Amino acid sequence: MFGIGVLASTAWMHILPSAFEDFGNPCLDAGWQKFGVGYVGLFGLIAAFIAQQMEMLFVGRSMIKKSTQDNKDADMTLSPTTTMTIEDGAVGPHSHHTENKEMTVILLEAGIMFHSVIIGLTLGVAADDEFTSLLAAICFHQLFEGMALGVMIGALNLKRIQKVALCILYPITTPIGIAIGVGVHNAFNPNSHGLILTQGILNSLSAGILFYNTYTELMSEEISHNVAFRAYAPSFKAVCFLAMYVGAAAMAILAIWA
């Protein structure tokens with residue numbers, strides 16, 4: 001629950017304002033300024049639709065493959081009736097939930113990685129007088145995000161090597177951004193049209209992915225439509241919600257500096 005709060009607050013308090021700032025920048029070309037901050041919603045919407053389609057394709061194929069394998073010994077083929085059963089969720093509901101959660105976490109990590117590269121780039125080109133404070137804020141920012149992702153990755157039904165790979169991908173993205181920032185530091189122009197546009201698009205895509213997965217998948221499946229969660233004692237549910245609010249508050253406070 002702490003992780004859900006962290007991810008929701010990251011989208012609302014860090015990524016979305018940055019995307020609005022980028023697309024509201026007067027240094028953009030006139031063509032981009034005409035629609036302005038509306039592009040944040042456009043690219044965010046595109047990212048959410050892509051995430052939903054990827055999820056459907058991945059989970060749908062996995063369910064059909066599993067059903068075919070289960071019926072192979074009985075020499076059965078998928079009939080229209082069987083297909084409806086699969087779509088209705090009667091075949092392998094646990095498998096569907098597991099695979100859906102795996103895709104959700106992978107997409108969440110992808111969205112956060114976009115943002116982490118931009119954070120690293122910002123730190124790499126930061127002036128000396130603001131570097132220390134920015135570094136401290138970013139360290140806490142990445143720590144909370146890493147904790148949230150780590151808990152979710154640890155709960156996945158994946159092989160150990162796959163979990164390790166997912167855990168390694170997140171922490172290397174910010175250093176990559178820092179390396180890029182250091183490399184272009186001398187020639188860096190914060191008012192460059194291309195740079196602002198790239199940051200705006202990446203932030204918008206990242207926000208769309210996080211919004212979709214945080215609310216549609218995590219909150220919906222773990223809280224709203226989770227029968228087991230509803231059966232918990234009110235005191236335990238209160239603690240869970242408090243943890244979510246603390247996670248959101250922690251990231252909201254960090255938005256003051258980073």
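**Surface, helices and nonpolar cores**

Q: What share of the area that the chain exposes do carbon and sulfur atoms supply?
A: This is a predicted model, in which local features need pLDDT of at least 70 and side-chain atom pairs count only at pLDDT 80 or more, while totals for chains, interfaces and linings use all residues. Residues are numbered from 1 along each chain as its sequence is written, and side-chain values use heavy atoms, leaving out hydrogens and water. Accessible areas come from the Shrake-Rupley method with a 1.4 Å probe; for residues, only the protein chains shown count as cover. The chain exposes about 14000 Å², of which carbon and sulfur atoms supply 68%.

Q: How many helices does the chain have?
A: Helices (H or I, at least four residues) and strands (E, at least two) are DSSP runs, numbered from the N terminus. Along the sequence, the pattern reads α-α-α-α-α-α-α-α-α-α. The count of strands is 0, and that of helices is 10.

Q: Which helix supplies the largest share of the largest nonpolar core?
A: A nonpolar core is a set of buried (under 20% relative accessible area) Ala, Val, Leu, Ile, Met, Phe, Trp, Tyr and Cys residues joined through side-chain atoms within 4.5 Å. Among the 38 residues of the largest one, Leu7, Phe23 and Met152 touch the most other members. The largest share, 9 residues, comes from H1.

Q: Is valine 184 buried, partly exposed or exposed?
A: Valine 184 lies in the loop between helix H7 (160-183) and helix H8 (193-224). Partly exposed means between the buried limit and the exposed one, over 50%. With a relative accessible area of 35%, valine 184 is partly exposed.

Key. Buried means under 20% relative accessible area, exposed over 50%, partly exposed in between (1.4 Å probe, protein chains only).
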